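Welcome! Please take a look at the sequence and the model below, and then read on for a guided tour, topic by topic.

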Amino acid sequence: QKFAGTRAFLAYMMTHPGKKLLFMGCEIGQFREWDYKGSIEWFLLDYEMHAKFQKYVSDLNNLYLEHSQLWEIDSSWDGFQWIDADNCNESILSYIRYNKKGEGLIVLLNFTPVYRENFTFGVPEEGIYTELFNSDRTEYGGYGGENKGELKTRPSQWKEFTNILSLNLPGHSAIILKKKKTPKKKKKANS
């Protein structure tokens with residue numbers, strides 16, 4: 001659970017507005033605080049969970065670089081929208097990060113060890129969403145609680161939103177969703 005909780009926390013840091021900072025050794029799950037007099041405990045990579053954690057941090061950093069939603073509008077409310085900041089009963093945060101084109105990424109963070117099956121929340125746009133990132137993947141040391149395939153919205157009022165999505169949200173996890181682009185319909189030529 002320490003690794004899972006740390007994966008969720010790092011995803012929160014990387015998807016929340018603001019500059020990012022990792023201390024040396026964090027990327028391998030070093031237990032001991034970094035000490036300028038000593039070196040990083042690279043031998044920890046001989047242990048499977050530490051090696052998987054390093055892969056997770058690497059993939060999370062690449063996700064951050066590849067998706068302008070996470071950094072392009074970092075100092076304005078135009079780049080951020082809360083879905084639910086008040087779910088203290090389940091300890092789940094959800095929000096959307098936007099880029100200058102208005103494209104969004106939905107972020108869900110479960111800070112408890114409780115697995116939430118069919119967790120339902122509101123979204124601003126109807127359509128089909130896919131899971132872009134999940135901290136619970138087995139390759140990261142998780143249990144593999146992924147949402148495979150397409151997630152379709154349903155019309156329903158949820159707070160200020162008129163569409164809802166349901167998915168499985170593993171304990172101590174971070175999930176990032178992206179709306180699938182719908183192809184534009186071609187106009188038929190008159191015959």
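To follow the tour you need one definition: helices and strands are DSSP runs, numbered from the N terminus, where a helix (H or I) has at least four residues and a strand (E) at least two. With that in hand, Tyr-36 can be placed in the loop between helix 1 and helix 2. Keep in mind as you read that this is a predicted model.

**The six-stranded sheet**

- Strands of a sheet pair through backbone hydrogen bonds, either parallel or antiparallel.
- Here, six strands make an open sheet in the order 1-2-3-9-5-6, and their pairing is antiparallel.
- At the edges stand strand 1 and strand 6; each has a single partner strand, so one side of each is left without a neighbour in the sheet.
- On average, neighbouring strands of this sheet are turned by 25° against each other, with direction ignored.
- Inside the sheet, strand 2 and strand 3 (residues 104–110) run antiparallel and are joined by seven bridges.
- You can look up one residue pair here: Ser-94 has Leu-108, in strand 3, as its bridge partner.

**Helices against the sheet**

- Helix 1 lies across three strands, namely strand 2, strand 3 and strand 9, and runs at about 150° to strand 3.
- Helix 2 packs on the sheet too, where it touches strand 5 and strand 9.
- The direction of helix 2 makes about 135° with that of strand 5.

**The three-stranded sheet**

- A further open sheet has three strands in the order 4-8-7, again with antiparallel pairing.
- Its edge strands are strand 4 (116–123) and strand 7 (154–158), and each of them pairs on one side only.
- In this sheet, neighbouring strands are turned by 50° against each other on average, direction ignored.
- Three bridges join strand 7 and strand 8 in the antiparallel sense.
- Within strand 8, Ile-164 is the bridge partner of Arg-154.

**Salt bridges**

- Side chains of opposite charge can pair when their charged atoms come close.
- How many salt bridges does the model have? The count comes to eleven.
- One of them joins the side chains of Lys-19 and Asp-74, at 3.7 Å from N to O.
- This pair links distant parts of the chain, 55 residues apart: Lys-19 sits in the loop between helix 1 (2–15) and helix 2 (48–66), and Asp-74 in the loop between helix 2 and strand 1 (80–87).
- Are the two partners buried or exposed? Lys-19 is exposed, because its relative accessibility is 75% and the cut-off for exposed is over 50%. Asp-74 is buried, because its relative accessible area of 14% falls under 20%.
- Lys-19 and Asp-74 also belong to a network of salt bridges that takes in Arg-97.
- Within helix 2, the side chains of Lys-52 and Glu-48 meet in a salt bridge of 3.0 Å, N to O.
- Lys-52 and Glu-48 are four residues apart in that helix, which is about one turn.
- Of this pair, Glu-48 is exposed at 55% relative accessibility, while Lys-52 is partly exposed with a relative accessible area of 22%.
- Glu-139 and Lys-55 form a salt bridge as well, with their closest N and O atoms 3.7 Å apart.
- Glu-139 lies in the loop between strand 5 (128–134) and strand 6 (150–152) and Lys-55 in helix 2, so this salt bridge ties together parts that are 84 residues apart in sequence.
- Both partners are partly exposed: Glu-139 has a relative accessible area of 36%, and Lys-55 has a relative accessibility of 35%.

**A nonpolar patch on the surface**

- Which residues form a nonpolar patch on the surface? They are Met-24, Trp-34 and Tyr-36, with about 370 Å² of accessible area together.
- Tyr-36 is exposed, with a relative accessible area of 63%.

**Two positive phi angles**

- Most residues other than glycine have a negative phi.
- Ser-91 has a positive phi, near 55°, and is not a glycine.
- Ser-91 is in the loop between strand 1 and strand 2 (92–98), and is partly exposed at 30% relative accessible area.
- His-172 is not a glycine either, yet its phi is positive at about 45°.
- You will find His-172 in the loop between strand 8 (161–169) and strand 9 (173–179), where it counts as buried at 15% relative accessibility.

Methods:
Residues numbered from 1 in each chain as written. Predicted model: local features only at pLDDT ≥ 70, side-chain atom pairs only at ≥ 80, totals over all residues. Heavy atoms only, no water. Salt bridge = Lys/Arg side-chain N within 4 Å of Asp/Glu carboxyl O. Buried < 20%, exposed > 50% of the residue type's maximum accessible area, 1.4 Å probe, protein only. Patch = residues over 30% accessible without salt bridge, like charges linked within 9 Å, V, L, I, M, F, W, Y side chains within 5 Å. Areas by Shrake-Rupley, 256 points an atom, 1.4 Å probe, with all protein chains shown as cover. Pairing = 2+ DSSP bridges. Axes fitted to C-alpha atoms, helices over the stretch in contact; angles between N-to-C directions. Contact = heavy atoms within 4.5 Å.
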